[in-house]
Amino acid sequence: MVIFKKTADLQQYITSERIAGRNIGFIPTMGALHAGHISLINTALNNKDLVVCSIFVNPTQFNDKKDYEKYPVTVNEDIGMLVEAGCDVLFLPGIEEIYPEGTDKSPVFDFGYLDTILEGAQRPGHFKGVGQVVSLLFDAVHPQNVYMGQKDYQQCMVIKKLLAITGLQDKIRLHICPTVREADGLAMSSRNRRLTEPQRMLAGCIYQCLVSIESKADTATFEVVKKECTDLLAAKGFIPEYIALANADDLTLLNNYTPAPPMVALIAVRLGEVRLIDNLVLNNTSTQA
Ligand code: AMP
């Protein structure tokens, strides 16, 4: 694996690979890698891309300064995992490489409704920062394919919109890859390593709630299931931020299960100092027929 810290060096390498006929597959990350990230690398490798992973903990997408300061940094372990996975290139820029003129000078995109609900509402400025950094990384990497996890469902929709706004949707294909979970259903996340052992034992409950939202689609109202989930999570010491049902195509929030569009259930909770999110696209319910 080749490691680049400078955009110019990365671009020189990528350009020669592209001339040699390779497609560039890009996986942007903030490091503290786990099997979820590696699944994205594997998907890109299966597609025969030249696989470029970036690790950059982007300060502009953290609305909570403490969360930024406590974000796990494990670069040496990350490099070991990427080498083992067969990743071709790691882009490891410093902050001045991404924001040479400061964070205020970088592009700002309007994601409209998407920025007003769920993660957008709970984390003001978060998607502005995500849009900024991903567009700057796209400029640096010029990928043909980008691989992202369904785990961050709303973020995937924001990136889809970013591609449309910037006119890149014909040049870059967004692959939304399945969420990789621990044995108890907890979605893998870099933040999981901040959970204490007792908290970790409880955290599978988030996925159980998503499954119960799915399984009760034909027998209960969403209001009732939401209340059950809220009570269950609260009893275990979680602070639920939202438990929501939405149209899976455009994230329009739904008050109840509906037969028409595919639906997605989304949850955000706090457990101690750690904030966790997860979601499940509802399948196989006759409500959806
Ligand atoms: P992050 O490092 O958290 O910014 O995540 C980098 C990429 O990995 C994003 O596209 C995430 O959606 C994706 N990702 C994070 N966790 C998982 C997971 N458990 N399964 C699949 N993809 C994931």
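1. Let's start with Val180: in this predicted model, a polar backbone atom of Val180 sits 2.9 Å from a nitrogen atom of the ligand. Met188 offers a backbone N or O atom as well, placed 2.8 Å from a nitrogen atom of the ligand. On the oxygen side, a ligand oxygen atom lies 2.9 Å from a polar backbone atom of Met30. How much of the ligand does the protein bury? Taken alone, the ligand exposes 480 Å², and the protein buries 93% of that.

2. You may want the wider surroundings next. The ligand is surrounded by 16 residues, and the closest are Met30, His37, Asp152, Val180 and Met188. Sorted by class, the shell around the ligand holds 8 nonpolar, 6 polar and 2 charged residues.

3. Which elements supply that shell? At least two residues each come from β2 (24-29), α2 (35-46) and β5 (145-149). Helix α2 gives the largest share of the shell, with 3 residues.

4. Now a word on helix packing. Two packed helices are described by the angle between their axes and the distance between the axes. For helix α1 (residues 7-19) and helix α7 (residues 126-141), the angle is about 55° and the axes are 8 Å apart. That angle falls outside the ranges for roughly parallel, perpendicular or antiparallel, so α1 is oblique to α7.

5. Finally, the residues behind that packing: on the α1 side, Thr7, Leu10, Gln11, Ile14 and Arg18 meet Asp139, Ala140 and Val141 of α7. By class, the residues of this contact between α1 and α7 are 4 nonpolar, 2 polar and 2 charged.

How values were computed:
Residues are numbered from 1 along each chain as its sequence is written. This is a predicted model: local features need pLDDT of at least 70, side-chain atom pairs count only at pLDDT 80 or more; totals for chains, interfaces and linings use all residues. Side-chain values use heavy atoms; hydrogens and water are left out. Axes are lines fitted to C-alpha atoms, for helices over the stretch in contact, and angles run from 0 to 180 degrees between N-to-C directions. Helices (H or I, at least four residues) and strands (E, at least two) are DSSP runs, numbered from the N terminus. Angles under 35 degrees count as roughly parallel, over 145 as roughly antiparallel, 65 to 115 as roughly perpendicular and the rest as oblique. Contact means heavy atoms within 4.5 Å. Ala, Val, Leu, Ile, Met, Phe, Trp, Tyr, Cys and Pro count as nonpolar, Asp, Glu, Lys and Arg as charged, and the others, Gly among them, as polar. A residue is near a molecule or strand if one of its heavy atoms lies within 4 Å of it. A polar contact is a pair of N or O atoms within 3.5 Å; within protein, one must be able to donate a hydrogen and the other to accept it, and residues adjacent in sequence count only if both atoms are side-chain atoms. Accessible areas come from the Shrake-Rupley method with a 1.4 Å probe; for residues, only the protein chains shown count as cover.
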